[in-house]
Structure formats: structure tokens, C-alpha cells
Amino acid sequence: MTRSPRVLGLMSGTSADGIDAALLELPGWPELRGTHTPPDSTTLSAISGHVGVPGAPRGRVVAHTFTPYPPDLRDAVLAAMRGEVGAAGLTQLHWALGEALAQAAAPHATHADLIASHGQTVQHHPTPDPARGWERPATLQLGEAAVIAARTGRPVVADFRPADMAAGGVGAPLVPFADWALLAQPGVNRTLLNLGGIANVTALNGLNPQGVQAFDTGPANCLLDEIAAMTGQTHDAGGALAAAGQVHEPTLNRWLSHPELAQRPPRATGREVWTLARLDAPAHLNPADLAATATALSARSVAQALRFLNSPPHEVVVAGGGARNPALMRALAAALAALPTPAPLRTFADLGWTDAGFTDATREAAAFAFLGYAHAQGWPNTLPHTTGARHAVTAGRWTPAPPSPTDPAPRTGDRP
């Protein structure tokens, strides 16, 4: 009996702090051969039966590591996000990130059939905005896949967002297909919230993929990271900076009136939109008060965005780096409790998902691992009604593993 498929997901998000590597094992799922029918609700029920634990994820994260960016690499990524890097610098950064991703993959690559790399988003322009020089929709993720394949000896799927945008979508969020396949449960109306640099939600309502809603809600940690940098920190560790400050209500109300927060889904945003300069942050506010105000913005904008869901969620399950910020979690719990239909805040541990290796740190890397797996099967791996695309696409680009010096034939797991 062959073992279950294993795919290594590599994820660096808009916080740009480093790379999560999650090795996803898929018991009950078809082997990597690219000849199988895409999953439906019947498939998911059958795989849940194979897993044998009611409500458990339909996959297991069997290994996880986090590799922080060196300070000079993070500085270069943030400069690219601010649009301060020219063509030569972007070229160098693209290859430097390829090496960083390969190094992050190294501890796990021999155990994987395939690597799926999200790469590092440095610019995401979901809709034209001539005032900012955005003449057309476009996106750019850096981290050369050929470098990852050459260093690890494994095939790589990368560059997931362009295919959706070419089909008329906003290119985000992409994790809903994986959230549905791995985490949806019959009869459960649950919203998954990721608090990275940007916050996004996936609303799962039973096993029907057409019932999934997903979109970016606005900033999560990106403003907090920028404010923390004013005090010599990379982030607001433990929410201490925000806890020491006071919310400046006039500024909060002005920020909450940002037009992106009123836009109906599908919608996507990026770190290049949510900066202190673009929000015209008051110069007289000290870092602690700015952090308190930015924390309130993140929490309130998430709660406001839930009005766009077709039905109020029974619960909101939080993941991402913001889940480890007590000040943000307290503000979010209060904002959700104040909704007309209050939504309790849950963690992956509350649901028992950590027993399968799904944590606030592994969820997105595991999701992109599944998107890479679906690409290898030849399945459409997007939900077009969540991105606004004209049709579903098989997102990602395939880079084959280099031939072995002793065996030039394609490796098992290479595209058939």
C-alpha cells in the first residue's frame, strides 16, 4: 500500500516576516497522478469517513517550521512593497527570495512529493487605479520557482494569483478552495479569519462550494508593524504597545470611512494601500496611541465586513499572526460581540484542529499545499464567485524537478 500524498506548502504573507513551511499529508485523497475528477461534497464526506474523527480536517500537517527573514531581506521586501525598488533590485530580490524559500523547504523536501510556493507578494493591484499608476489589474509575487526545484530536487507549483486575474478576478483570496476541501463540515456555518498583514475571511456554510464567501476585510497587522518600527520593533509583541495607548476616536472614525471598507465583495487589498502615510496619520499621536487606534481599526473593520455575508456565522475561527496578539484578540472579541447577531471568537485549538497540525501558523501554508496538490491533479482550484473571475482556473505554474544525474527519467510526482 502506498503512503498518502504529501505536499510541502511555503507561505510568506503580507507581514513579510518570514516563511512558514507546512508538510501536508492527505489520507484518503487520490495519489498524485492527475487523472481524477475534481472533488465535490460527496468526495468530502467520503474522505471525512476515511479520517474517522467527526469535524476533523481532511488532511494532517505532519511537520512545520518557520524561517524568519534576515533583516536585510525583510527591508528589501518592504521597500518593494512601498514601490521603492527598480527593475534591477526586483530581479535580485526575486532570486534571493527563491534561495530563501529553498532553504525554508530544505528540512522537509525529501518527505514531500511536491512543493507549493505562494512566494512573496510585493505588489497587488486588483483593480485599475490611474492615480496610483495602476492602469490595469496586475500582481507580482517574487521567489523564483526554478531555484526551489533545483535546490530541493522536487517539482514546484508557484505563482498562483495571475491565472485568476487573467480570468477577470481580483486574485484573492485564493485559500477558500482549500478551506472548503479541508475544513468545511456539513451543517456548520463557520467563518475562518486570517489575521496576517491583511485580514481576510472565508465563510463556510456546509459542504456546498457555491455557498462559500471570501474576501479581504482590510488591515490586520500591517499598520501595527509600521507603528512598531517607530519604536525599533518589528511588530507589536504581545499587543503591549497598543495596550499602553488610547484609541483616538476621530482618527479611527476617519480610517473606518476608507472607501475600500465599504466596497462589496469580491474585493482584495494589499499592504501598499494601508500605510500611515496614505491614511494621513496625525503627527501628534504617539506610537502607543497610534497602535491602539490601528488595533481598533483592524478589529472593527473585520466586524463591519461580516455584514456582507449571506448569513451571520455561528462562530469566527481566527488564525494568522494576529491570533497571537492579545490586544487585537480582545478588541476583535468585543467588536464581534457587539454585532446584531453576536459571533463568538474561536481558535483552532478550541475546535481540536491542532491535533491534526492545523494551527494559526500552519493554516495558510497548508492551504497553498492543497492548491498545489489540486494543480498537480489538473483540477480547477479556485472558486470564481469569491474572486469575481469569469470561470474557475487551475491556478499556479508548474516547474518540474531537475532530472537526477543517475536517472534522467521524470521523477514520480512530476507532471504526467
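This is a dialogue in which a learner asks how to read features of a structure and an analyst answers from the model.

User: Before we begin, what kind of model is this?

Analyst: It is a predicted model. Let us begin with its sheet and then move to the helices that pack on that sheet.

User: How should I read a sheet, and in what order do the strands lie here?

Analyst: Strands of a sheet pair through backbone hydrogen bonds, either parallel or antiparallel. In this structure, an open sheet of 5 strands follows the order 9-8-7-10-11, and its pairing is mixed. Strand 9 (213-219) and strand 11 form the edges, since each of them pairs on one side only. From one strand to the next, the twist averages 30°.

User: How many bridges join strand 8 to strand 9, and do the two run parallel or antiparallel?

Analyst: Strand 8 (residues 198-205) and strand 9 run antiparallel, and 6 bridges join them. To find one of these places in the structure, look for Asn-200, whose bridge partner in strand 9 is Asp-216.

User: Which strands does helix 6 lie across?

Analyst: Helix 6 (residues 176-183) lies across strand 7, strand 8 and strand 9, and it runs at about 45° to strand 8. Helix 12 also packs on the sheet, where it touches strand 7, strand 10 and strand 11, and its direction makes about 135° with that of strand 11.

User: How many residues of helix 6 are buried?

Analyst: A residue is called buried when its relative accessible area is under 20%. By that reading helix 6 is mostly covered, as 8 of its 8 residues are buried; among them are Phe-177, Asp-179 and Trp-180. The elements that cover these buried residues include strand 2 (18-25), helix 1 (41-51) and helix 13, together with strand 7, strand 8 and strand 9.

User: Which residues of helix 12 are buried, and what do they pack against?

Analyst: In helix 12, the buried residues are Ala-327, Leu-328, Met-329, Leu-332, Ala-335 and Leu-336. They pack against strand 7 (189-195), helix 8 (240-243), helix 11 (287-305), strand 10 (315-319) and strand 11 (345-347).

User: Why does the span of helix 12 agree with what should be found?

Analyst: Helix 12 covers the 12 residues 326-337, which at 1.5 Å a residue should span 16 Å, and because its end C-alpha atoms are 16 Å apart, the two values agree. At the start of this helix, a side-chain oxygen of Asn-325 comes to within 3.0 Å of the backbone nitrogen of Ala-327.

User: Is Glu-315 in strand 10 buried or exposed?

Analyst: Glu-315, which is found in strand 10, counts as buried because its relative accessibility is 11%. Leaving out residues up to four places away in sequence, Glu-315 touches Asn-189, Arg-190, Thr-191, Pro-344, Arg-346 and Leu-351.

User: How many salt bridges does the structure hold, and which parts does the pair of Asp-360 and Arg-324 tie together?

Analyst: The structure holds 13 salt bridges. In one of them, the side chains of Asp-360 and Arg-324 meet at 2.1 Å, N to O. Asp-360 lies in the loop between strand 11 and helix 13 (363-377), while Arg-324 lies in the loop between strand 10 and helix 12, so this pair ties together parts that are 36 residues apart in sequence. Asp-360 is partly exposed, with a relative accessible area of 26%. Salt bridges that share partners also join Arg-6, Glu-25 and Arg-60 into one network. Elsewhere, Glu-84 and Arg-82 meet in a salt bridge at 3.0 Å, N to O, and both of these residues are exposed.

User: Where are cis peptide bonds found?

Analyst: One cis peptide bond joins Ala-172 and Pro-173, with omega about -15°, and Pro-173 sits in the loop between helix 5 (161-166) and helix 6. Another joins Pro-265 and Pro-266, with omega about 5°, and Pro-266 sits in the loop between helix 10 (259-262) and helix 11.

User: Where is Ala-16 found, and is this residue buried or exposed?

Analyst: Ala-16 is found in the loop between strand 1 (6-12) and strand 2, and at 0% relative accessibility it counts as buried. Its phi is near 55°, which is a positive value in a residue other than glycine. Asp-280 also has a phi near 55°, but this residue, found in the loop between helix 10 and helix 11, counts as exposed at 55% relative accessibility.

Notes:
Residues are numbered from 1 along each chain as its sequence is written. This is a predicted model: local features need pLDDT of at least 70, side-chain atom pairs count only at pLDDT 80 or more; totals for chains, interfaces and linings use all residues. Side-chain values use heavy atoms; hydrogens and water are left out. Helices (H or I, at least four residues) and strands (E, at least two) are DSSP runs, numbered from the N terminus. The expected span of a helix is 1.5 Å times one less than its number of residues. Buried means under 20% relative accessible area, exposed over 50%, partly exposed in between (1.4 Å probe, protein chains only). Contact means heavy atoms within 4.5 Å. A polar contact is a pair of N or O atoms within 3.5 Å; within protein, one must be able to donate a hydrogen and the other to accept it, and residues adjacent in sequence count only if both atoms are side-chain atoms. Two strands pair if DSSP finds at least two bridges between them. Axes are lines fitted to C-alpha atoms, for helices over the stretch in contact, and angles run from 0 to 180 degrees between N-to-C directions. A salt bridge is a side-chain nitrogen of Lys or Arg within 4 Å of a carboxyl oxygen of Asp or Glu.
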